[in-house]
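Here's a quick tour of a single chain, with the model and sequence open in front of you. We'll begin with one pairing and work outwards.

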Amino acid sequence: MITKKPSDSYTESVHILNLNTMNGYDRLFGGKLMEWIDITAAVTARRHANCNVTTVLVNELEFKQPAFANDLVVLIGKVVYVGRTSIDVSVKSYVEKTDGSRQLINNAYLTLVALDENDKPTPVPALEPETEEEIAEWERAKARRASKK
């Protein structure tokens, strides 16, 4: 069986906030950030699975801080757990300051399922966490899954 590391599917997307992304309070519209999170998670899972994927569950979506017009928002996607056909992805969203420092504004976990050419669930490569943080993320994802059963 093929095994992949979390770094094999690492995904980063960047957005500069403008009027089209703002809500009535001149902050980033939460629905827009959710759209970006879903896309980042899909790209991450697709890179891991080497096939199409679909989102089946948003396990957690925690808004921590607002973002404002002209802020640079960076989303980072990493695979944290895999089942037979499913892939759990962490997407962390940050505001990046002009000095390069980042402030976490959202933390999200999504589950996606790999699809074959007939849109049926298909097996995915195993995941081999390497760092202590990746192992800890694996254990947290495993616990989240267990709590849902």
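How many bridges join strand 4 to strand 5, and do they run parallel or antiparallel? Ten bridges link them, and the two strands run antiparallel. Keep in mind that this is a predicted model.

## Strand 4 and its partners

The connection from strand 4 to strand 5 is a hairpin, made through three residues. Strand 4 also pairs with strand 2 (residues 11–16), again in the antiparallel sense, this time over six bridges.

Val 73 is a handy spot to look at both pairings. Its bridge partner in strand 2 is His 15, and in strand 5 it stands opposite Val 95. As for cover, strand 4 is mostly tucked away, with nine of its eleven residues buried.

## Ser 93, a buried serine

Move along to strand 5 (residues 86–96) and you'll find Ser 93. Is Ser 93 buried or exposed? Its relative accessibility is 0%, so it counts as buried.

Leaving out residues up to four places away in sequence, Ser 93 touches Leu 33, Ile 37, Val 74, Leu 75, Gln 103, Leu 104, Ile 105 and Asn 106.

## Pro 66, out in a loop

Pro 66 sits in the loop between strand 3 (52–63) and strand 4 (72–82). With 36% relative accessibility, Pro 66 counts as partly exposed, because that class runs from 20% to 50%.

Once residues up to four places away in sequence are set aside, Pro 66 touches Arg 27, Val 95 and Ile 105. Take the Arg 27 contact: the two are 39 residues apart in sequence, yet their C-alpha atoms are 6.3 Å apart in space. Two of these names have come up already: Val 95 is the residue opposite Val 73, and Ile 105 is also on the contact list of Ser 93.

## The whole chain

Zooming out, the chain has two helices and seven strands, laid out along the sequence as β-β-α-β-β-β-β-β-α. Its radius of gyration is 16 Å, close to the 15 Å that the globule rule gives for 149 residues, so the chain is as compact as a globular protein of that length. The C-alpha trace spans about 45 × 35 × 30 Å along its principal axes.

Of the 149 residues, 42% count as buried. Among contacts with a separation of 6 or more, 71% come from residues 24 or more positions apart.

On the outside, the chain exposes about 8,300 Å², and carbon and sulfur atoms supply 51% of that. Charge-wise, there are 19 positive and 21 negative side chains, and the centres of the two sets lie 4 Å apart.

Definitions and conventions
Residues numbered from 1 in each chain as written. Predicted model: local features only at pLDDT ≥ 70, side-chain atom pairs only at ≥ 80, totals over all residues. Heavy atoms only, no water. Helix = DSSP H or I, 4+ residues; strand = E, 2+ residues; numbered from the N terminus. Rg over C-alpha atoms; globule rule 2.2 N^0.38 Å. Buried < 20%, exposed > 50% of the residue type's maximum accessible area, 1.4 Å probe, protein only. Contact = heavy atoms within 4.5 Å. Areas by Shrake-Rupley, 256 points an atom, 1.4 Å probe, with all protein chains shown as cover. Lys, Arg positive; Asp, Glu negative; His and termini not counted. Charge placed at Lys NZ, Arg CZ, Asp CG, Glu CD. Pairing = 2+ DSSP bridges.
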